[in-house]
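Here are some friendly notes to help you find your way around this model. Please have the sequence and the 3D view open as you read.

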Amino acid sequence: MSKKEILAMLLAGGQGSRLGALTQKIAKPAVSFGGKYRIIDFSLSNCVNSGIDTVGVLTQYRPLMLNSYIGTGAPWDLDESEGGVFVLPPYATQDGGEWYNGTADAVYKNIDFIDSYNPEYVLIISGDHLYKMDYNAMLEEHKQNNAELTVSVIQVPWDEANRFGIITADDGGRIVKFTEKPAEPDSNLASMGIYIFNWSTLKQALLEDAPLADSEHDFGKNLIPMLLAQGKRLFVHAFAGYWKDVGTIDSYYQTSMELLREDSEFDILSGDQRIFSNSNIYPPHYTGENAVIENSLICNGSTVLGEVHNSIVSSEVYVGPGAKVYASILLPGAHVESGARVMRAIVGEKAVIEMNAYFGSLDEDEPIKVAGDGEHIIDDLWSRGY
């Protein structure tokens, strides 16, 4: 393999259990977002836009959809002979095999892969965050500080700081304290789970951590505190852009709905730091002569014969005649049959809202309704007086 200055290891094995029905059959990074994308598209696109052409994707939970979606990496221009994207699931050796047991353990079990490219630096990122970022700026800061590890951080509201790994840094940006989800935080600088390591530093830390029986083999809980205690040069990189972890149904729904606002903080429509996806193979969408569409995203391959208001219609979705969709998210392949009503709901991939069914509520005090992937919702709309 040709030597690389930097390669990325993308952690994409999370179950994302707080997303409920949306992750019963697929991993969180594979969940559809914004109509034509999947959550992992944002991290992969950030790599491409930053000139990082070698990415290892560490998968574990229900990897089939993710593996199929990534394929050769061609949609992200990650199919080059001297690099590319590599799906790296757990594997068996002569000593047996087991699942990845923590974020650091996942990278530890792929030391040989990283060594084959002999990089100077390794970028560790997550496959389940929404953001646009130029990793080059972070790398330059890492070099200028002669750092061994740089952690990207973002300021969060003080009342939310106890949900994150919190970093305290001195005036020069050097990390002096790292606390995982502190009860009483003394800083509101939250780790984004984005790290640039010198490979020599990371490799040594992984080898030291691996045999420790009391370690959870986690970057935030174990490796970073260990390096800090050893006096290594750890610095922060302050990120001022948009970043979201859509870890719950409410946050996923609200973040999706923000895309429909003209003043949305997260602009996925602009050509600036373009987001690539593997969903460009569908024909144009079709809207029937009686269709009504208002303030919505309508993606390729979809057919709208009824009404869609303030909603996101993903690829290959069908909205039948007389059907009405309000403030909802229809994931790829979802069907809303004729006469049905969908209101403030998320309809999973290839789920079906049957003819005249009623699903969801316009009452904002009611929870967001979710139909899981492939689920069929049967309900008599007219008996409810609609």
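Which residues of H8 are buried? They are Ile249, Tyr252, Tyr253, Thr255, Ser256, Met257 and Glu258. With that as a warm-up, here are the points, bearing in mind that this is a predicted model.

1. Helix H8. This helix covers residues 249-258 and is mostly covered, with seven of its ten residues buried. Its buried set is a mixture that includes Ile249 and Met257 as well as Thr255, Ser256 and Glu258. Tyr252 is worth marking, as it also appears among the residues with the most contacts inside the largest nonpolar core.

2. The nonpolar cores. The largest of them has 64 residues. Besides Tyr252, the residues with the most contacts inside this core are Ile40, Val55, Leu123, Tyr135, Ile194 and Ile346. A second core, separate from it, has 35 residues, and Leu58, Ile111, Val153 and Ile167 are among them. As general background, nonpolar side chains tend to be buried together in soluble globular proteins.

3. Helix H1. Follow Ile40 from the core and you arrive at this helix, where it is one of the buried residues. H1 spans residues 40-49, and because eight of its ten residues are buried, the helix is largely enclosed by the rest of the structure. The other buried members are Asp41, Phe42, Ser43, Leu44, Ser45, Asn46 and Cys47. After the helix comes Gly51, which has a positive phi near 80°.

4. Val55 and its surroundings. Beyond its neighbours within four places in sequence, what does Val55 contact? The list holds Ala8, Leu10, Leu44, Cys47, Leu78, Gly84, Val85 and Phe86. Two of these names, Leu44 and Cys47, are buried residues of H1.

5. Strands E4 and E5. E4 (residues 54-58) pairs with E5 (residues 84-87) in the parallel sense, over four bridges. Within this pair, Gly84 of E5 is opposite Thr54. Between E4 and E5 the chain passes through helix H2 (residues 64-70), giving a right-handed β-α-β crossover.

6. Cysteines. How many disulfides does a search of the whole structure find? The count is zero. Two cysteines are still worth a look: Cys47 counts as buried because its relative accessibility is 0%, and Cys299 is buried too, with a relative accessible area of 10%.

7. Ser152 in strand E8. This serine lies in E8, which covers residues 149-155. Is Ser152 buried or exposed? At 0% relative accessibility, Ser152 counts as buried. Setting aside residues up to four places away in sequence, Ser152 touches Met133, Met138, Ala190, Ser191, Met192, Ile194, His237 and Phe239. Ile194 in that list is also one of the residues with the most contacts inside the largest core.

8. Around strand E10. Thr179 sits in E10 and counts as partly exposed, at 24% relative accessibility. Apart from neighbours within four places in sequence, Thr179 is in contact with Phe164, Gly165 and Ile166. Thr179 and Arg18 are 161 residues apart in sequence, and their C-alpha atoms are 23 Å apart in space. Asn188 lies in the loop between E10 (175-180) and E11 (189-198). Asn188 counts as buried at 14% relative accessibility, and, not counting residues up to four places away in sequence, touches Ile154, Gln155, Val156 and Trp158.

9. A five-strand open sheet. Its order is E15-E18-E21-E24-E27, with parallel pairing. E15 (292-294) and E27 (358-360) are at the edges with a single partner strand each, so one side of each has no neighbour in the sheet. From one strand to the next, the twist averages 5°. Inside the sheet, E18 (residues 307-309) runs parallel to E21 (residues 324-326), and three bridges join them. There, His309 is opposite Tyr326 in E21.

10. A six-strand open sheet. Here the order is E14-E17-E20-E23-E26-E29, and the pairing is parallel. E14 (286-287) and E29 (376-377) are the edge strands, and each pairs on one side only. E14 runs parallel to E17 (residues 303-304), and two bridges join them. For Tyr286, the bridge partner in E17 is Thr303.

Methods:
Residues numbered from 1 in each chain as written. Predicted model: local features only at pLDDT ≥ 70, side-chain atom pairs only at ≥ 80, totals over all residues. Heavy atoms only, no water. Core = buried A, V, L, I, M, F, W, Y, C linked by side-chain atoms within 4.5 Å. Buried < 20%, exposed > 50% of the residue type's maximum accessible area, 1.4 Å probe, protein only. Contact = heavy atoms within 4.5 Å. Pairing = 2+ DSSP bridges. Right-handed = clockwise from strand over helix to strand, strands pointing away. Axes fitted to C-alpha atoms, helices over the stretch in contact; angles between N-to-C directions. Disulfide = S-S within 2.5 Å.
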